[in-house]
Amino acid sequence: KSFPEWKQRQSMTLSEFKYIYGWEYGHRMLGRTVGLIFCLPWLYFTARGKIPQGYQGRMVGLLAMGGTQGLVGWWMVRSGLGDDRRDEKREIRVRPTRLATHLSMAVATYGALLWTGLDILG
C-alpha cells in the first residue's frame, strides 16, 4: 500500500489493484526479457565474429532504442502519478503525448529491427 498507484486508487479493492499491477509488472518484465533476448545472441555472435562488417553501430543503435523505450515508458507512467493528471471524474490518466511517444518509439524500434534483419538476409 506504499505505492503511489495504490494511494491514488484507494476505491479499488486490493484484488483489483493486484490484477492491474500484475499487467504492469508483466509489461516491464517482457521489456527486460526482450532486451536479454537481443543482447545475449548479439554478444555471442560478436564474440564469434559472425556480425557482418558495418553492423555493430546499428546494433548499438538498436540496443539504445530498446533502452530508450524503457525510459520513455517510465516517463509516460510518471505523468499519470501526480494530482494534476486527474480529470473531473478523479480518474488517473497519463498524458496522451507521452503515450503516443511510447507507442511511436516501439513502432520505430520494431521497424529498425525489421530493416536490419532484412538487410542482413538480403
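In this predicted model, the buried residues of helix α3 are Met-59, Leu-62, Gln-69, Val-72, Gly-73 and Met-76. What sits on top of them? The cover over these buried α3 residues includes α2 and α4. The helix itself has 23 residues, and its first and last C-alpha atoms are 33 Å apart, close to the 33 Å expected at 1.5 Å a residue.

Stepping back to the whole protein chain, the count is 4 helices and 0 strands. Followed along the sequence, the pattern reads α-α-α-α. How much of the protein chain counts as buried? Of its 122 residues, 21% do. The accessible surface adds up to about 9,100 Å², and 65% of that belongs to carbon and sulfur atoms. As for how the chain meets itself, take the contacts with a separation of 6 or more: 49% of them are between residues 24 or more positions apart.

Next comes α2, which covers residues 14–47. This helix has 34 residues and runs 48 Å from its first C-alpha to its last, close to the 50 Å expected at 1.5 Å a residue. Its buried residues are Phe-17, Phe-38, Cys-39 and Trp-42. After α2 comes Gly-49, which has a positive phi, near 70°.

Some of these buried residues turn up again in the largest nonpolar core. Which residues make up this core? There are 8 of them: Phe-38, Cys-39, Trp-42, Ile-51, Tyr-55, Met-59, Leu-62 and Ala-112. Two elements, α2 and α3 (56–78), each give two or more residues to this core. The largest share, 3 residues, comes from α2. Met-59 gives a closer look at how α3 and α2 meet here: setting aside neighbours within four places in sequence, Met-59 is in contact with Phe-38 and Trp-42. Met-59 is one of the buried residues of α3, while Phe-38 and Trp-42 are among those buried in α2.

Helix α4 takes up residues 96–121, and its length works out nicely: 26 residues at 1.5 Å each should span 38 Å, and the end C-alpha atoms are 37 Å apart, so the two values agree. Which residues of α4 are buried? They are Arg-98, His-102, Met-105, Thr-109, Ala-112 and Thr-116. These buried residues pack against α2 and α3. One of them, Ala-112, also belongs to the largest nonpolar core.

Thr-116 is a good example of the packing between α4 and α3. This residue is in helix α4, and it counts as buried because its relative accessibility is 3%, below the 20% cut-off. Leaving out neighbours within four places in sequence, Thr-116 is in contact with Tyr-55, Arg-58 and Leu-62. Two of these partners, Tyr-55 and Leu-62, are members of the largest nonpolar core. Met-59 is 57 residues from Thr-116 in sequence, yet their C-alpha atoms are 8.6 Å apart in space.

Arg-58 brings in a charged pair. How many salt bridges does a search of the whole structure find? It finds 1. Asp-119 forms a salt bridge with Arg-58, and the closest N and O atoms are 3.1 Å apart. Asp-119 lies in helix α4 and Arg-58 in helix α3, so the pair ties together parts that are 61 residues apart in sequence. Why do both partners count as partly exposed? Asp-119 is at 34% relative accessibility and Arg-58 has a relative accessible area of 22%, so both fall in the range between 20% and 50%. Apart from neighbours within four places in sequence, Arg-58 is in contact with Trp-115, Thr-116 and Asp-119. Arg-58 also has its C-alpha 9.4 Å from that of Leu-113, although the two are 55 residues apart in sequence.

Finally, there is a nonpolar patch on the surface. Tyr-110, Leu-114, Leu-118 and Leu-121 form this patch, and together they have about 490 Å² of accessible area. Is Leu-121, one of its members, buried or exposed? Leu-121 is found in helix α4, and it counts as exposed because its relative accessibility is 73%, over the 50% cut-off. Helix α4 thus includes buried Thr-116, partly exposed Asp-119 and exposed Leu-121.

Key
Residues numbered from 1 in each chain as written. Predicted model: local features only at pLDDT ≥ 70, side-chain atom pairs only at ≥ 80, totals over all residues. Heavy atoms only, no water. Core = buried A, V, L, I, M, F, W, Y, C linked by side-chain atoms within 4.5 Å. Buried < 20%, exposed > 50% of the residue type's maximum accessible area, 1.4 Å probe, protein only. Contact = heavy atoms within 4.5 Å. Expected span 1.5 Å × (residues − 1). Patch = residues over 30% accessible without salt bridge, like charges linked within 9 Å, V, L, I, M, F, W, Y side chains within 5 Å. Areas by Shrake-Rupley, 256 points an atom, 1.4 Å probe, with all protein chains shown as cover. Salt bridge = Lys/Arg side-chain N within 4 Å of Asp/Glu carboxyl O.
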